[in-house]
Amino acid sequence: MNLSMDWIYDASLQISFKDKTPLLLKECISLDCDWDYVHQNINENTIWLGNGSFIVEELSESDNVPTFNTINIISNTLKEHFDPRTGDVSTHMYCSLTSLSKTLGDHMDTADVFFCGAIGQTVFEINDRKYTVTPGDVLYIPRSVNHNPKPKGARVGFSIGLEHGRHDT
């Protein structure tokens, strides 16, 4: 697999990370994700949000699953480059079956989040701006920044969080 990580070293991302401002990077990754992969990852730890929306917190590890391998490579590269304060990195798969599916709503995280679009579209409302994440896009959401994800139909995305352990004050 030839996976370019050039986007991680992009000057605009470095500035956004330093200044803690959101940034949408368009078409910078390729995730070979389909609904069969999603189905294979539903497990006893899946969090059901309602109206056909769920979060998978523990992805199935397999050498034969390109999606898992790609997300794992991205996660490890982000961890090496940005060095989370606690050393922890979390990876979740967010899935919605319709635009009416529930999400976590308006919230903030204690992690710097990189949301990777895999299937469909998700619109994030952040600081009165809207960012539309489509397959191949990565949205950087700084820790302690309110954001509200809204699916625009059936969608799958992966969240990679570099844990800081507390909110900025």
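1. Let's start with a cut-off we'll need: a residue is buried under 20% relative accessible area, exposed over 50%, and partly exposed in between. Asp109 comes out at 24%, so Asp109 counts as partly exposed. Please keep in mind that what you're looking at is a predicted model.

2. While we're on Asp109, have a look at where it sits: the loop between β4 and β5. Its side chain makes a polar contact of 3.1 Å with the side chain of His147. Lys152 is another matter: Asp109 and Lys152 are 43 residues apart in sequence, and their C-alpha atoms are 22 Å apart in space. Asp109 also turns up at the largest pocket, as one of the lining residues that lie nearest the centre.

3. So much for one residue; now the largest pocket itself. It holds about 260 Å³ of space, and 23 residues line it. Besides Asp109, the ones nearest the centre are Tyr94, Leu104, His107 and Ser159. If you want to find the walls on screen, try β3 (53–56), β4 (89–96), β5 (111–119) and β10 (155–163), each of which supplies at least two lining residues. By class, the lining divides into 12 nonpolar, eight polar and three charged residues.

4. Tyr94 deserves a closer look. It lies in strand β4, and with a relative accessible area of 17% it is buried. What does Tyr94 touch, leaving aside its neighbours within four places in sequence? The list is Phe54, Ile55, Leu104, Phe115, Arg155, Val156, Gly157 and Ser159. Two of those contacts, Leu104 and Ser159, are also named with Tyr94 among the residues nearest the centre of the largest pocket. Val56 is worth finding too: Tyr94 and Val56 are 38 residues apart in sequence, yet 6.6 Å apart in space, C-alpha to C-alpha.

5. Now for the second largest pocket, with about 160 Å³ of space. Which element gives the most to its lining? That would be α3 (66–82), with six residues. Strand β4 also supplies at least two. Among the lining residues are Glu57, Phe68, Asn72, Lys79 and Thr91. By class, the lining has four nonpolar, five polar and three charged residues.

6. Ser53, in strand β3, is a good one to zoom in on. Is Ser53 buried or exposed? Its relative accessible area is 2%, so Ser53 is buried. Its side chain has polar partners, though. A polar contact of 3.2 Å joins the side chains of Ser53 and Ser96, and a polar atom of the Ser53 side chain lies 2.5 Å from the backbone oxygen of Lys102. Leaving aside neighbours within four places in sequence, Ser53 is in contact with Ile47, Trp48, Cys95, Ser96, Ser101 and Lys102.

7. His164 is in the segment after β10. At 13% relative accessibility it counts as buried. Its side chain makes a polar contact of 3.5 Å with the side chain of Arg143. Beyond its neighbours within four places in sequence, His164 is in contact with Arg85, Thr86, Thr110, Ala111 and Arg143.

8. If you go looking for disulfides, a search of the whole structure finds zero. Why is Cys28 not in one? The closest cysteine sulfur, in Cys116, is 7.5 Å from the sulfur of Cys28, which is too far for a bond, given that a disulfide needs the two sulfur atoms within 2.5 Å. Cys33 is in no disulfide either, as the nearest cysteine sulfur, that of Cys95, is 7.4 Å away. Both cysteines are buried: Cys28 has a relative accessibility of 19%, and Cys33 has a relative accessible area of 12%.

9. Last, two backbone oddities to check by eye. Asn51 has a positive phi of about 55 degrees although it is not a glycine. It lies in the loop between β2 (47–48) and β3 and counts as exposed at 51% relative accessibility. Asp128 is not a glycine either, and has a positive phi of about 65 degrees. You'll find Asp128 in the loop between β6 (122–126) and β7 (129–133), where it counts as exposed at 87% relative accessibility.

Technical notes. Residues are numbered from 1 along each chain as its sequence is written. This is a predicted model: local features need pLDDT of at least 70, side-chain atom pairs count only at pLDDT 80 or more; totals for chains, interfaces and linings use all residues. Side-chain values use heavy atoms; hydrogens and water are left out. Buried means under 20% relative accessible area, exposed over 50%, partly exposed in between (1.4 Å probe, protein chains only). Helices (H or I, at least four residues) and strands (E, at least two) are DSSP runs, numbered from the N terminus. A polar contact is a pair of N or O atoms within 3.5 Å; within protein, one must be able to donate a hydrogen and the other to accept it, and residues adjacent in sequence count only if both atoms are side-chain atoms. Contact means heavy atoms within 4.5 Å. On a 1 Å grid over the protein atoms alone, a cavity is a set of points where a 1.4 Å probe fits but cannot get out, and a pocket is an open set with protein on both sides within 12 Å along at least five of seven lines; lining residues have an atom within 4 Å of a point. Grid points are joined across faces, edges and corners, and a volume is the space filled by probe spheres set on the points. Ala, Val, Leu, Ile, Met, Phe, Trp, Tyr, Cys and Pro count as nonpolar, Asp, Glu, Lys and Arg as charged, and the others, Gly among them, as polar.
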